[in-house]
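Colleague: Please give me a close look at a single part of this model, beginning with one position in a loop and then setting that part against the rest of the chain. A connected account would serve me better than a list.

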Amino acid sequence: MLTLEEARDQLLALAPVMEAEDVLTEAALGRVLAADLSAIRTQPPADLSAMDGYAIAGDGPWRMVGESRAGAPFVGTLEPGQAARISTGAHMPDGSDRVLIQENAVIADAQISTDEMPPPRRHVRMRGFDFAQGDTVMPAGTRLGAAQIALSMSAGHGSVPVKRRPKVAILDSGDELVRDPALCGPEQIPASNGAMIAAMIAPLVGPSERLGPVGDDLGALAAALEKAEGSDILITSGGASVGDHDLIQQALRDWGADLAFWKVAIKPGKPLMVAKRGELVVLGLPGNPVSSFVTGFLFALPLIRAALGMRSVVPAAQMLCLEEALPATGPRREFLRGVSDGTHVRRAASQDSSALMALAAANCLIDRPAGSAEVKAGAFVPVYNLENG
C-alpha cells in the first residue's frame, strides 16, 4: 500500500490545470489569482494626514489660513508660521510636513501654539508607503478574502484574473442510500456523504453536480458516469472496496477510466482509489462517512487547491499538548478525530468510522504515525485544524 505522501503526490501530479478568467473584484471572494497582481496606482496617492488636527509649516505660533479635508485638499502653499485645519485622510498642504494633533493644540488670540512640537512627518502617511504603481501586491495562487479584495481595489483593479473553478461531480453509491432523509426506511440510510463532500469543497469550487445516490448496479452507475462528462474532477463515495456489491472500479473501467492506484496505508480511509479518464480525475473515497470525510480533507481538498494553482496545497499541522494518553498504533497511520482549544487536544468520544456525532463534535485530526508507541498525556502531537480546511 502507498503511504499518505506517496498517494497524495501521485494524485496531485494528475491534477487538472484550470485556465484563467477575469471576474469583477467585488465578486471574487474565495477565488484564486491566476497571475501576480501589480498595482496600477500608488497608495496613498499623496502625503496624507493620519490624524485630525492642524497641518503646520515652520515654527509656531501659527495662523490658520484654510482647511484640508478628505476629498477637498487645501489650495495653495503654507508659508512658515501658517497652519491649515486638517482631517484624517486629507492631503497634506504644500509647505507642511507634520500634523499638530488637536489635543496638543492651544488656540488663543486667533493663533495656534503648542508645548509639544511634533517632529517632521509626525502623523503623516507618506505617498506610496503602502505600495507604489508597478509594485506586485499579491502573487499568483493567492486566495482572495475580504482583505485581499480591498487590496485589489485599492491597487486599481475593478476586475482580477482568477483561475476558473473546477467543475466537480459527486457520485455516492449504494443500494441502502436515500437522497431524502424524510423518506428513509428502516433498511435504508440517508445519503449524507455526497452532501458532506459537496459542503466541504464548496468554498473552493462553488456548487457541485450531485449524481447520486446510485444503487449497486452497473447499468445505473454507467448512466450516472455519463453525466460526469465535461467535469474536471469526479469524486465518488462508496463501492470502491472488494465486496460483491462494490462496483465502482468495474464501472469506471467500463467507462474507459484507467486506475492509477488503490489503497492507502491510513486509518480511516484505506480503500481510497484514484483513476483518470482523459483529462478528468476520479477520486474514489470510502463509503463510511468518517472515512469519506477524512480522505476528503486529506486528498480532495489538496487536489482542488492544486488544480486552482494555490500556493498552499496540503494542510499544515501544528503541535498541540495531549490532555490524555493515546494508545500505540497498528501498521497504518491513524487520523484520530479530536477536540482542541488551540493549545490542548483530546480524542473525540468515538473513533468509529461511522460515528457522525463524534465527527461533528471534532474540530481537528490527530496525526498518529504507523507503528508508534503509546503517547503519554502532556506530550505534543501533530494536529490538523479542520476549521481551516
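**A loop residue and its surroundings**

Modeller: A155 has a relative accessibility of 0%, so this residue counts as buried, the limit being under 20%. The model is a predicted one, and what follows should be read in that light. A155 belongs to the loop that runs between α2 (146-154) and β12 (159-163). Setting aside neighbours up to four places off in sequence, the contacts of A155 are A39, I40, R41, F131 and V137. As a marker of distance, T3 is 152 residues from A155 in sequence, and their C-alpha atoms are 44 Å apart.

I turn next to the sheets. One open sheet has six strands, ordered β7-β4-β6-β5-β9-β8, with mixed pairing. Its edges are β7 (98-101) and β8 (106-108), each of which pairs on one side only. From one strand to the next, the twist averages 45 degrees. Within this order, β5 (residues 62-68) and β9 (residues 111-113) run antiparallel and are joined by two bridges. W62 is placed opposite I112 of β9.

Another open sheet, also of six strands and mixed pairing, follows the order β16-β13-β17-β21-β20-β18. Here β16 (209-210) and β18 (258-262) are the edge strands, pairing on one side only. Helix α1 (residues 4-13) packs on this sheet and touches β18, β20 (273-277) and β21, and its direction makes about 155 degrees with that of β18. Inside the sheet, β17 (residues 233-237) and β21 (residues 280-285) are parallel and share five bridges. I233 has V281 of β21 as its bridge partner.

Helix α1 deserves a closer description. L4, A7, R8 and L11 are its buried residues. These residues span an arc of only 95 degrees around the axis, and therefore lie on the same side of α1. The general background is that an α-helix has 3.6 residues a turn, so residues three or four places apart point the same way. D9 and A13 are exposed and sit on the face of α1 that is turned away from the buried side. The partners against which the buried residues of α1 pack are β18, β19 (266-267), β20, β21, α6 and β23 (333-340).

This leads to the nonpolar interior. In soluble globular proteins, nonpolar side chains tend to be buried together. The largest nonpolar core of this model comprises 42 residues, and those with the most contacts inside it are I201, I235, L283, F297, L298, F299 and F335. At least two residues of this core come from each of α1, β13 (168-172), α3 (192-205), β17, β21 and α6 (289-307). Helix α6 supplies the largest share, ten residues. There is also a second, separate core of 19 residues, and A169, L171, L247 and L252 are among its members.

Helix α6 also holds a polar residue that can be followed in detail. S291 is located in this helix. Its relative accessibility is 5%, and S291 is therefore classed as buried. Residues up to four places away in sequence not being counted, S291 touches P268, G269, P286 and S353.

The pairing of β22, β23 and β24 comes next. β22 (residues 318-322) and β24 (residues 344-347) run parallel, with two bridges between them. C321 stands opposite H344 of β24. Three bridges link β23 and β24 in the antiparallel sense, and G338 has R347 of β24 as its bridge partner. These two strands, β23 and β24, form a hairpin with three residues between them, and G342 in the turn has a positive phi of about 95 degrees.

The cysteines complete the account. A disulfide is a covalent bond between the sulfur atoms of two cysteines. The model has zero disulfides. For C364, the nearest cysteine sulfur belongs to C321 and is 13 Å away, and C364 is in no disulfide. A sulfur pair would have to be within 2.5 Å to count as a disulfide. C364 is buried, because its relative accessibility is 1%. C184, by contrast, has a relative accessible area of 25% and is therefore partly exposed.

Technical notes: Residues numbered from 1 in each chain as written. Predicted model: local features only at pLDDT ≥ 70, side-chain atom pairs only at ≥ 80, totals over all residues. Heavy atoms only, no water. Buried < 20%, exposed > 50% of the residue type's maximum accessible area, 1.4 Å probe, protein only. Pairing = 2+ DSSP bridges. Helix = DSSP H or I, 4+ residues; strand = E, 2+ residues; numbered from the N terminus. Contact = heavy atoms within 4.5 Å. Axes fitted to C-alpha atoms, helices over the stretch in contact; angles between N-to-C directions. Core = buried A, V, L, I, M, F, W, Y, C linked by side-chain atoms within 4.5 Å. Arc of directions from axis to C-beta.
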